[in-house]
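Subject: Handover of a structure

Dear colleague,

Please find below the sequence and structure that I am handing over to you. My notes on what was found follow directly after.

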Amino acid sequence: MFRFFRTVSAAALLTGLSATASLADELTAWRLFISDHGEPVVHVLDALNGNELATFNTKAPAGLYRSDSGKTVFAVQRDGNIVQAISSGISASDHGDHGDLKVEDAKLLDTAIAGTKPVHFVDHGGNVALFFDGEGIARIVSEGDTLAGSPSIREVKTAAPHHGVAIAFGDHVLLTEPNKAKPEELLVGIRVVDAEGARVSDLHSCPDLHGEAASGNLVAIACAKGLLIAQAGEKEPSIEFLPYSDKLPEGKVTMLLGGKGLQYFLGNYGPSAVVLIDPTADDAFRRIELPTRRVHFAVDPVRPKFAYVFTEDGKLHRLDVVSGEIVKSLALTEPYSMDGHWSDPRPRVAVAGDAIFVTDPLKSTLHVIDAASFEKNRDIAIEGKPFNIVAVGGSGETH
Ligand code: ZN
Ligand code: ZN
């Protein structure tokens, strides 16, 4: 069973009323979903007290992605040739002048989407596009249908198997275009297809395409010489090219995150730097040098001014995305060198409510950092090699 904190509204306390079913209670609930580096398992924890709520067995070790709504966590299993869906059990709904929060048990759903080598996951407005590299096929499902147990899967094919990505814009889909002569090499660009799968645009050139994210109404896609910036248009998505500024050194972005609450993008730029991107600014790119090589980074959805970068010396850094500066650093783990294989077990970062969580796979530990003070709060033991981590939750009223 799940546990959560319940606070009676201040007004009720002041008037000496006890909480009753007719009074709206404020509820806060956050959950962590943590997969293992080597075992086909997903742990579900209550982020507020660290209690384990459930453990789900997947087919293969999973990469975890949460939907924008937080209602669903997708377990993408490249080596299991399947994507499984977990109902997070937490759903927020907008009641206009206030928000409601409903909390139920987390559930591994029966619905799964099968195909060869799924890797990239993109949720855009509740349309989840999963790209299966082994087939060069994108499979698109609606989150609502997936939770209801009856997803109709829309397939969009490309010319050849490749490490690709798809992004759904309503009925339109942005789709990577493989390098026809050498499909195993990097991609040439993005094309747009309509509801019937017919091509509606010329190729938007984007050599070396890798990395995509959404922030506000914009989607950014990283290329060798700049970013494609896409947004919904009147008939079809409009796509523009934003070249890297000539103030940046030689390099490129290959991984992107989108700001929540503030519209910006955070990307890597070489092994030991990140870049803050505001596509609407005159000077769109600000590069921030890191003390050592970057392991992982995450944006803070609760405190939009901050993002976090974990570096191979075992430190977590707080990045102020407004000033573009690292404002605090905290030593957390033994060094995790970026030498060795890219997929070796190394820490991952997620933010849940008032805390930042960092997995420490070689120590079977989850570190908990107080988000306000940026000091370590406690450790939670997690069996095996805790690796990927996503958080869902929020606050709202229950009536
Ligand atoms: Zn309500
Ligand atoms: Zn990739």
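H98 is partly exposed, with a relative accessible area of 22%, in a model that is predicted. Here buried means under 20% relative accessible area, exposed over 50%, and partly exposed in between, computed with a 1.4 Å probe on the protein chains only. D100, in contrast, is buried at 11%. H98 (NE2) and D100 (OD, listed twice) are among the protein donors of the zinc ion (ligand 1), together with H95 (ND1) and H399 (NE2), and these donors lie 2.0 to 2.8 Å from the ion. Donors are N, O and S atoms within 2.8 Å of the metal (3.2 Å for Na, K and Ca), and because water is not among the atoms, sites may look incomplete. Along the chain, the donors of ligand 1 follow the spacing H-x2-H-x1-D-x298-H.

Two conventions apply throughout. Residues are numbered from 1 along each chain as its sequence is written, chains are lettered from A and ligands numbered from 1 in the order in which they are written, and side-chain values use heavy atoms, with hydrogens and water left out. As the model is predicted, local features need pLDDT of at least 70 and side-chain atom pairs count only at pLDDT 80 or more, while totals for chains, interfaces and linings use all residues.

The zinc ion (ligand 2) is coordinated by H120, H163 and H210, through NE2 in each case, at 1.9 to 2.1 Å. The sequence spacing of these donor residues is H-x42-H-x46-H. H163 and H210 link distant parts of the chain, being 47 residues apart: H163 sits in the loop between strand 14 (154-157) and strand 15 (166-169), and H210 in the loop between strand 18 (204-205) and strand 19 (212-215). Helices (H or I, at least four residues) and strands (E, at least two) are DSSP runs, numbered from the N terminus. H163 is partly exposed, at 35% relative accessible area, and H210 is also partly exposed, at 26%.

The three histidines that coordinate ligand 2 recur in the lining of a cavity. The whole structure holds two cavities of 30 Å³ or more, and the second largest contains about 30 Å³ of space. A cavity is a set of points, on a 1 Å grid over the protein atoms alone, where a 1.4 Å probe fits but cannot get out; lining residues have an atom within 4 Å of a point. Grid points are joined across faces, edges and corners, and the volume is the space filled by probe spheres set on the points. The second largest cavity is lined by H120, H163, G164, V165, T176, L187, L209, H210, G211 and E212. By class, this lining has three nonpolar, six polar and one charged residues, where Ala, Val, Leu, Ile, Met, Phe, Trp, Tyr, Cys and Pro count as nonpolar, Asp, Glu, Lys and Arg as charged, and the others, Gly among them, as polar.

The loop between strand 14 and strand 15 also holds T158 and H162. T158 is buried, with a relative accessible area of 12%, and H162 is buried at 4%. The side chain of T158 reaches the backbone oxygen of G136 at 2.7 Å, and one of its polar atoms lies 3.3 Å from the backbone oxygen of A160. A polar atom of the H162 side chain lies 2.9 Å from the backbone oxygen of A160. Beyond its neighbours within four places in sequence, T158 is in contact (heavy atoms within 4.5 Å) with F131, G136, L175, T176, P178 and R191.

N217 is located in the loop between strand 19 and strand 20 (218-222). With neighbours within four places in sequence set aside, N217 is in contact with A230, Q231 and Q263. Its side chain makes a polar contact with that of Q263 at 2.9 Å; such a contact is a pair of N or O atoms within 3.5 Å, where within protein one must be able to donate a hydrogen and the other to accept it, and residues adjacent in sequence count only if both atoms are side-chain atoms.

Lastly, there are two backbone angles to report. K117, in the loop between strand 10 and strand 11 (118-124), has a positive phi near 55 degrees. S364, in the loop between strand 32 (355-360) and strand 33 (365-370), has a positive phi near 50 degrees. Most residues other than glycine have a negative phi.

With kind regards

Note on methods:
1 Å grid on protein atoms, 1.4 Å probe; cavity = no way out; pocket = protein on both sides within 12 Å on 5 of 7 lines; lining within 4 Å.
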